[in-house]
Amino acid sequence: MAQAAAVAKPPAPPRRRRASATPRRLPYLLIAPAALLMLGFIAYPVISVFYYSLQNYNPTKPWRNGYAGFDNFVQIFTKDPVFWDTLTFSAKWVFVEVGLQLLFGLALALIVNQTFVGRGLGRAMVFSPWAVSGVLTSAIWVLLYNSQTGITRYLADMGIGSYGTSWLSDTSTVFSAAVVADLWRGVPFFAILILADLQSVSKDLYEAAEVDGASRFKQFWHITLPHLKDAIILSTLLRAVWEFNNVDLLYTLTGGGPAGETTTLPLYIANTSVDAHNFGYASALTTVAFVILLFCSMVYLRLSKFGGGSK
């Protein structure tokens with residue numbers, strides 16, 4: 001019996017091999033070269049800007065170069081009226097541009113989301129300006145605003161305005177002209193993102209609302225807008241950062257003029273570094289701009305409750 005029991009005893013389960021840590025680390029090892037390369041391209045310029053912001057660095061005046069401490073920042077906030085003027089204009093530019101681009105982009109997205117003949121061609125026409133580079137956009141609008149061959153010439157032929165009028169040289173019209181030029185390029189960005197989010201709205205919600213007697217406006221207010229909340233918040237934040245850093249269009253259109261009327265803070269930084277070669281002071285201005293953007297972005301995301309799951 002004892003021998004039979006010994007024979008019937010089930011064999012011991014095989015020992016589990018210790019799982020190797022290599023498979024778990026493999027994805028990180030694969031992306032490590034690209035991550036390190038990106039970190040180098042991002043970290044080095046940022047650290048360099050912070051370093052030079054504490055220096056007096058002008059290659060054309062090497063005898064003045066050296067450690068400056070916080071002198072550049074003191075000059076920015078106490079002795080540089082141009083900084084405050086450019087910061088004020090930057091805020092005005094961002095508020096007007098982002099607000100108008102959002103309104104027109106939302107309207108276009110709602111239109112091309114409908115079913116109609118030639119909808120594919122219509123969508124392509126709406127989105128095409130976004131594929132044009134900023135410098136090329138500026139070149140197009142410089143030609144359109146040309147006083148000899150542009151819009152003002154044809155308006156003068158119709159008896160509207162006078163010949164030789166340049167909207168980009170007049171302080172009373174240059175801001176509106178620049179806004180229109182940038183709207184042409186910026187509106188498709190909002191239209192693309194909002195339309196992509198509109199595609200995911202369930203048709204059952206609208207059908208139920210129609211059964212309950214809700215009007216088109218109520219459907220838009222209580223169904224469409226809440227669903228688009230995160231897309232609108234993200235797109236306005238991204239576009240606000242890009243518009244704040246807008247240099248190519250304004251530089252090509254107006255060069256910051258006339259009389260500094262269209263000089264944004266980034267354009268002032270570019271002029272200070274490239275034209276005046278004052279890289280230390282320009283780095284300090286860049287650091288201030290970075291802190292302003294970071295603070296405004298955090299406050300905006302906090303107040304808007306981005307990602308709060310309102311859908």
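Which residues form one aromatic cluster with Tyr 51? They are Tyr 52, Tyr 57 and Phe 279. This is a predicted model, in which local features need pLDDT of at least 70, side-chain atom pairs count only at pLDDT 80 or more, and totals for chains, interfaces and linings use all residues. Residues are numbered from 1 along each chain as its sequence is written, and side-chain values use heavy atoms, without hydrogens and water.

Let's look at the rings. Across the whole structure, a search finds 19 aromatic pairs (rings of Phe, Tyr and Trp, the last by its six-membered ring, with centres within 6.5 Å; planes under 30 degrees apart are stacked, over 60 edge-to-face, the rest tilted). One of them joins Phe 50 and Phe 290 edge-to-face, at 6.1 Å centre to centre and 65° between the planes. This pair links distant parts of the chain, 240 residues apart: Phe 50 sits in helix H2 (residues 22-52) and Phe 290 in helix H13 (residues 279-304). Helices here are DSSP runs of H or I with at least four residues, numbered from the N terminus. Phe 50 is partly exposed at 34% relative accessible area, and Phe 290 is partly exposed at 44% (partly exposed lies between buried, under 20%, and exposed, over 50%, with a 1.4 Å probe and protein chains only).

Back in the cluster, the ring centres of Tyr 51 and Tyr 52 are 5.2 Å apart with planes at 70°, so this pair is edge-to-face. Tyr 51 is partly exposed at 47%, and Tyr 52 is partly exposed at 30%.

Now follow helix H10 (residues 216-244), where a bend of about 50° falls at Lys 229 (the angle between axes fitted to the seven residues ending there and the seven starting there).

How values were computed. Helices (H or I, at least four residues) and strands (E, at least two) are DSSP runs, numbered from the N terminus.
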